[in-house]
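Biologist: I'd like to learn how to read salt bridges and helix packing in a model. Can you walk me through it?

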Amino acid sequence: MTIIRLDSVTKFYGQIKIIDDISLKIKLGERLIILGPSGCGKTTILRLIAGLIAPDEGKIVIEGELASENGQILLPPEQRNLGMVFQDLALWPHFSVAGNIEFGLKAIGMPLRERKIRIMDTLKLVGLEGFAERKPGELSGGQQQRVALARALASRPGALLMDEPLSSLDPELNIRLRKEVLRLHEKSGFTLLYVTHDREEAWALSNRMILMRKGRIEIDGSVEEARDYFNRDLLER
Amino acid sequence: MSRRIILAGTVILLLIVGLAPVLSMLVKSLFSDGRFSTEAYQGLFTSHHQWTLMGHSLSLSLLTMILTVIMGVPLGILLGKSDLPLRRFFIILFVIPLLIPPYITAVSWVDLLSGNGLLTGWMNPGFAGQVSRLLFGLPGCVLVLFATYLPIPMILTIVFLRTIHPGMEEAGRLVSEWNGVVKKITLPLILPGVFLAALLVFLLSFGEFGVPNFLRYTVFPVESFTQFSAFYDFKAATAATIPLAVVTFLLLVVEARFLREKTYLISSTPEARQSPIIELKNCRTWLLGIVALLGFVIVILPITALIFQSGNLSIYKEALRQAGDSLVRSLLYAGLGATFLTIVGFFIGYLIQTKAWRFWKAIDSVTVFLFALPGTVIGIGLISLWNTPKTNFIYGTPLIILFGYLAKYTALTSRISVTQLAQIPPTMDEAARIAGAGWIRRMILITAPLAKRGLVAAWLAGYVFSLRDTSITMLVYPPGHDTLPVRIFTLMANGSPELIAALSIIMIVATLLPTGIFWMISERIDRPVIR
C-alpha cells in the first residue's frame, strides 16, 4: 500500500531548480534512504513531504489525500500525521523530555491519562526511562537523539521523516544509534524516510535506496543496485 | 487563519494609532473653511524665521551627532574591547543619562552653571556670566544632548564589535600593532554601526523638544509646541512640523538604502567571547583617568548637583505631596505602555522576521518613521485625529497617552523582537507544527518562551522610553492625568529650584530602580524556564 506519493514534483529556490520533476511512491513499512551530496535536494524532498514548503509544480499525496499541489499546501503539516527528526534535532529547550514528547500528544487532543501512558511507553521504547523530567540541555548527544526520535514516534505517525539526524555524532555513537533506529523500525513497523549524505549509514539502514544528484533521482532500487552504481561511477571517473 | 487575523489586527492598530494621526494632521492643515488651501505653508520657505529655525535645528543636531560619535566610538572600543578596569561599571554609568528625560539633565546643568549655580558661584562674576549665557543657547543644548546620547554610539560600537569574527583581528595582529588593526580592520567592520549611531543621534536631537525649550533655544519642535499650546494655532503648529517630517523621511530613505541590510540583524558571533582584547599597557592608567573624569563630569556631577540643590529630606516629602499622584500615574502608564509595546512589537517583529506578508518592509518602515518622527508631530497628530466628541472615550482618557507610546516606540520593541526571533532555529516551530500544534499554540508554548530574553529586553526598553516621554504626553494628556515628567516640566515655571531638583531625583530613581531590577532578572534568564 502506497503511503506517500510524489507526482512530477518540481521546486525552485529563486531561479535555481532544487527538485527537478521527481516522481516517487513510498510503501507502508518501507525503509527508504535518500542518499546524495550536499545541495542535491534531499532535505527539500522531506520538507515538501512534511508540508513545510509547497511544490511549484506537481502534486504530493499522503495516505490517499491530496496534500500539496502546484504551489499550494492543501493539507497543513499538522494534519499530515507524520513525524520528523530534524538535523539539529530542534528539541525545545524550555520543556523537559516528557514535555517535548507530550506537546504533540496534547495538540492532537489525547486525554491526560492516555498521554502519561504513551509518554512512558515511548521513553521505554527508546531506552530513556528515568529521564522524563530532565531538560534536553542536561542530556548527552546520543540521549538527545533518542528524545527527538521519541518525540517523533509518540503520536504513532504514518511515516517518520529523518533529516541527517546522526550526522553530527562521532562514528561510534553513529553506529550504535543506527542499530537503534533499525531495532525501533522492526519493533514499531513505521514507514521510514531517511536522508543522509553518508554512504555507510545508507547501506546500513536501507531496504530501498534513492540516489539523488542535482535535484533528480539517479537510482531508485536496492542497496546492491546503489552500490553497483557507485562502483561504476567511480570507475568511469 | 488565526495568524492572519492577529497579524492583521496588530498592523491595523499600528496604522490607526501611528500613521492615521500624522496623515489626519497633514490633511487638516491643507484645508481652510472647507476648501483646499496651502495658506499654512506659504511662509515656510520664504520667512526668515523659518530659515533661522532650520539653521538652529540643523546646528544642534549636527554638533550633537559629531561630538557623540567622536567620543562614543572610542569609548565603545575602550569599554567593549580593551583591558580597561571597571568596564561594566562605566557602561552602566554612561547609559544613565539616556534613561532619564533629557530636560532633567538640563535642569541639573542649570543648577550647576546658571547665574547663581553651584559651580558658577565659585567663579569670577564676569566669567560666570559668560558661562551662564553659553548654557542658555546652542552650547548648553549640545552639552546636555551630548551627555544624553553619548551611550548610543558607545553601545552600538560595543554591539557591533561582538559581531566581528575574532580570526579577522587576530590575522591583523600577526602583522600589525593594535593601532593598525583598529584603524584598518575593526573600524571598517563596525562602520555601519557607527553610521547608524550617527543617524539615530541626529534624528533624536532634531526632534528634541524639552532641552531646547528649557534652555531657550528655538528649534522646530519648540516652535511647533509653542504655536500649538500658547497660540492654539493648529495650522502653524502643523506647518512647523513639516520640515521635521521631511528631514526625518529623507534620512530614513538614506538609511533604508544604505544601512538597513547591514544593521538589521545584529547577532554576536559565537566566537565573540574569544575576541582578542586590546592591552592598554602604559596607557591604561591615564585612559582610566580620562574615562572616569568624563563619567564624573557628564553623569555624576549633574546628579550630585540635583541632590545638593534639593537640600534636605523635607523637600522630598513636599515633592511627593505635590507630585506623588503623577509619579504613580507615570509608573502605571509606563508599565501598561511597555506591556502593549512588547505585545505589538512582538507580532510586528514576527511579521518582519518571517516576512509573513509581502508588505513587511513597508510596515517596518512605518514603525521606524514614527520612531524617528519628533514627539510633537505625533502628539499634534493624535489631537488632530482623536479630539472629537465621538472619540472622547479615547481622547479624554489615558488611552490617548498609550496610543502615543505605541505610535512612537513600537520600532524599538519590534526591532528587539526581530533580533531575538532570528536566533531561534526555524526547526523549533516546524517541529511543533508537524507535532500538530496550531499557530497560537506554537506562539504561546514554543516561540514566546524561546524569545523570553528579547521580550524582557523589549519590555524594559518600552518602560524606559514611555516613562521618560515628555513631548507626546505633554500635548495629549487629559486633565488630571499628567505624568511626572510633565508635572516637573510645568512646575518649572513657578516651582522652587529645590522642589524641581527633588522631583528630578525622584524621577531618576523611578526610572533606574525598576530598570535595574528588570535588568538583573533578564541577566538571570539564561536557563530555560521550568515547565
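Modeller: Sure, and keep in mind that this is a predicted model. Start with A:Lys17, which counts as partly exposed because its relative accessibility is 41%. A:Lys17 forms a salt bridge with A:Asp20, the closest N and O atoms being 3.4 Å apart.

Biologist: Is A:Asp20 buried or exposed?

Modeller: Buried, because its relative accessibility is 17% and the cut-off for buried is under 20%.

Biologist: Which salt bridge should I look at in chain B, say in helix H14?

Modeller: First the general idea: an α-helix has 3.6 residues a turn, so residues three or four places apart point the same way. Here, B:Glu318 and B:Arg321 sit three residues apart in helix H14 of chain B, about one turn of the helix. Their side chains meet in a salt bridge, 2.9 Å from N to O. B:Glu318 is partly exposed at 26% relative accessibility, while B:Arg321 is exposed at 61%. There's also a network in which salt bridges that share partners join B:Asp325, B:Arg329, B:Asp482 and B:Arg487.

Biologist: How many salt bridges are there over all chains?

Modeller: The search of the whole structure finds 20.

Biologist: And helix packing: at what angle do H4 and H5 of chain A pack?

Modeller: You read the angle between the two axes, and under 35 degrees counts as roughly parallel. Helix H4 (residues 141–153) and helix H5 (residues 171–188) of chain A pack at about 20°, with axes 11 Å apart. H4(A) and H5(A) are therefore roughly parallel to each other, and H4(A) passes H5(A) in a right-handed crossing.

Conventions: Residues are numbered from 1 along each chain as its sequence is written. Chains are lettered from A and ligands numbered from 1 in the order in which they are written. This is a predicted model: local features need pLDDT of at least 70, side-chain atom pairs count only at pLDDT 80 or more; totals for chains, interfaces and linings use all residues. Side-chain values use heavy atoms; hydrogens and water are left out. Axes are lines fitted to C-alpha atoms, for helices over the stretch in contact, and angles run from 0 to 180 degrees between N-to-C directions. Helices (H or I, at least four residues) and strands (E, at least two) are DSSP runs, numbered from the N terminus. Angles under 35 degrees count as roughly parallel, over 145 as roughly antiparallel, 65 to 115 as roughly perpendicular and the rest as oblique. A crossing is left-handed if the near helix is turned anticlockwise from the far one by less than a right angle, and right-handed if clockwise. A salt bridge is a side-chain nitrogen of Lys or Arg within 4 Å of a carboxyl oxygen of Asp or Glu. Buried means under 20% relative accessible area, exposed over 50%, partly exposed in between (1.4 Å probe, protein chains only).
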